[in-house]
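Student: I would like to learn how to read a sheet and a helix from a model. Could you walk me through it?

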Amino acid sequence: MLVERFGRNAAVSAIRTALKDARIALKSGILSAHTTEHLAQQALAKLSEEDRSSLRTLFNLTGTVLHTNLGRALLAEEAITAATEAMRNAVALEFDLTSGKRGERDDHVRSILCDLTGAEDATVVNNNAAAVLLALNTLAGGRDAIVSRGELIEIGGAFRMPDIMMRAGARLVEVGTTNRTHASDYERALKPETGVILKVHTSNYCIMGFTAEVSAGDLAAIAADANVPLMHDLGSGTLLDLTRFGLEKEPTVRDAVAHAGLVTFSGDKLLGGPQAGFIVGKRSLIQAINRNPMKRALRVDKIRLAAIEATLKLYRNPERLAERLPTLKLLARTQADIRDQVERILARTTDCVGAAFAVEICDCQSQIGSGALPLATLPSAGIRIHVKHGGGQALEKLAAAMRALDRPIVGRIEDNSLILDFRCLTDEAGFLSALSLLDRSALA
């Protein structure tokens, strides 16, 4: 069975390892003997563990909907179906079926992106950092790029806007101060060497108090007078007014396109699709970007492109979007709905974690995540687990045991409690099934 499932070389290696461990155990007096069946079971366990994917599906009960470390947006069924079909079949990726000649892969999403954003043209790359890199390299490679000091953001993984600009070959020209930047700051920085004025939407933090910034509209006027393109990086980016779903106001891509020559934004955050970076704007600038040799290195494959197209098509029917797009569906859940779910699960959860822990319903605050609306929280509900007698070590063991499940459960430790926020829990039966396999011996 081992040879058939894992191959001869892997099976032989695993059995030799099991035999070696058995000899060591016998010499040390830990065990008296090992049966052939026991050795085979050890080898099977080792090979099964090695064969299991490290990209494990899990329950995101952290309270962060778009959790970067957990894969961000869940895809709509339409996107999953489209990606699966693209994986199974040959597709007209760069083939024009009408002319029978070579086509462009951007054609699959160009028109719908333009319809949804009001842009003249559009292109797509593998993420928004790549979109910014490519756009800056095209517009300001070897030239100046003017940006406010208050907009020199750092995104996840310590990737910083100044570093991206440097790698793009642009010369960073900082203007203003951290908290206040004025139109005159941009105007004084303009030179013949200026390649672009860059505005960055600070979607992952907020400066409050004595502040000032130049609006996109005013910057557009300054850029037009100087005959310099204005580029606006929205970061997360959204195609719809989020207030209709009970969320805070966030500038839409269409708003940005009304002023900027180029707008960059993500596909896997608020938009709710697969990882992608979109560049939309004036046709002449998009054409220049598409001529850049870097574009080929940053392009997306047929699988992701199919999922992107299917996701964008959902936005044609905004009235049904919250029921069809998982990201918006999760963000729009009411606290009352989530609390009802918690009440259904509470008793079973209590039984599974054991008598050493107190389990109770709690109100909590979810967050959007991935740098979107950093100050916005969503009223939610969940389960609070704390140790009846003892310290935080028992709580850490419980969290570790939940992460060790075949389908891990990931929450957050806060105020000496393990919090499981149920906003993102859509599979109650699966959660209870996973939790029922919790190894209580690991909690001792």
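The dialogue below takes up the sheet, then one of its strands, then a helix.

Tutor: Happy to! Keep in mind that this is a predicted model.

Student: Where do I begin with the sheet, and in which order do the strands lie?

Tutor: The general idea is that strands of a sheet pair through backbone hydrogen bonds, either parallel or antiparallel. Here seven strands make an open sheet, ordered 2-10-9-8-7-3-6, with mixed pairing.

Student: Which strands stand at the edges?

Tutor: Strand 2 (121–125) and strand 6 (171–175) do; each has a single partner strand, so one side of each lacks a neighbour in the sheet. On average, neighbouring strands of this sheet are turned by 25° against each other, ignoring direction.

Student: In which sense does strand 9 pair with strand 10, and in which with strand 8?

Tutor: Strand 9 (residues 262–266) and strand 10 (residues 277–281) are antiparallel, with five bridges. You can follow this in the partners: leucine 262 is opposite glycine 281, while serine 266 is opposite glycine 277. Strand 8 (residues 230–235), by contrast, runs parallel to strand 9, and four bridges join them. One pair to look up is histidine 232 with its bridge partner in strand 9, valine 263.

Student: Which way do the residues of strand 9 point, and are they buried or exposed?

Tutor: Leu262, Thr264 and Ser266 point one way, Val263 and Phe265 the other way, and all are buried. Strand 9 is thus mostly covered, with five of its five residues buried.

Student: Which helix packs on this sheet, touching strand 9?

Tutor: That is helix 5 (residues 107–117), which also touches strand 2 and strand 10. Its direction makes about 115° with that of strand 2.

Student: Now a helix on its own. How do I read helix 6?

Tutor: As a general guide, an α-helix has 3.6 residues a turn, so residues three or four places apart point the same way. You can also check the length: at 1.5 Å a residue, the 13 residues of helix 6 (residues 128–140) should span 18 Å, and the end C-alpha atoms are 17 Å apart, which agrees.

Student: How many of the residues of helix 6 are buried?

Tutor: Helix 6 is mostly covered, with 10 of its 13 residues buried. Among them are Ala131, Leu134 and Ala135.

Student: And what caps the N-terminal end of helix 6?

Tutor: Asparagine 127 does, through a side-chain oxygen 3.3 Å from the backbone nitrogen of alanine 129. Just after helix 6, look at glycine 142, which takes a positive phi of about 75°.

How values were computed
Residues are numbered from 1 along each chain as its sequence is written. This is a predicted model: local features need pLDDT of at least 70, side-chain atom pairs count only at pLDDT 80 or more; totals for chains, interfaces and linings use all residues. Side-chain values use heavy atoms; hydrogens and water are left out. Two strands pair if DSSP finds at least two bridges between them. Helices (H or I, at least four residues) and strands (E, at least two) are DSSP runs, numbered from the N terminus. Axes are lines fitted to C-alpha atoms, for helices over the stretch in contact, and angles run from 0 to 180 degrees between N-to-C directions. Contact means heavy atoms within 4.5 Å. Buried means under 20% relative accessible area, exposed over 50%, partly exposed in between (1.4 Å probe, protein chains only). The expected span of a helix is 1.5 Å times one less than its number of residues. A polar contact is a pair of N or O atoms within 3.5 Å; within protein, one must be able to donate a hydrogen and the other to accept it, and residues adjacent in sequence count only if both atoms are side-chain atoms.
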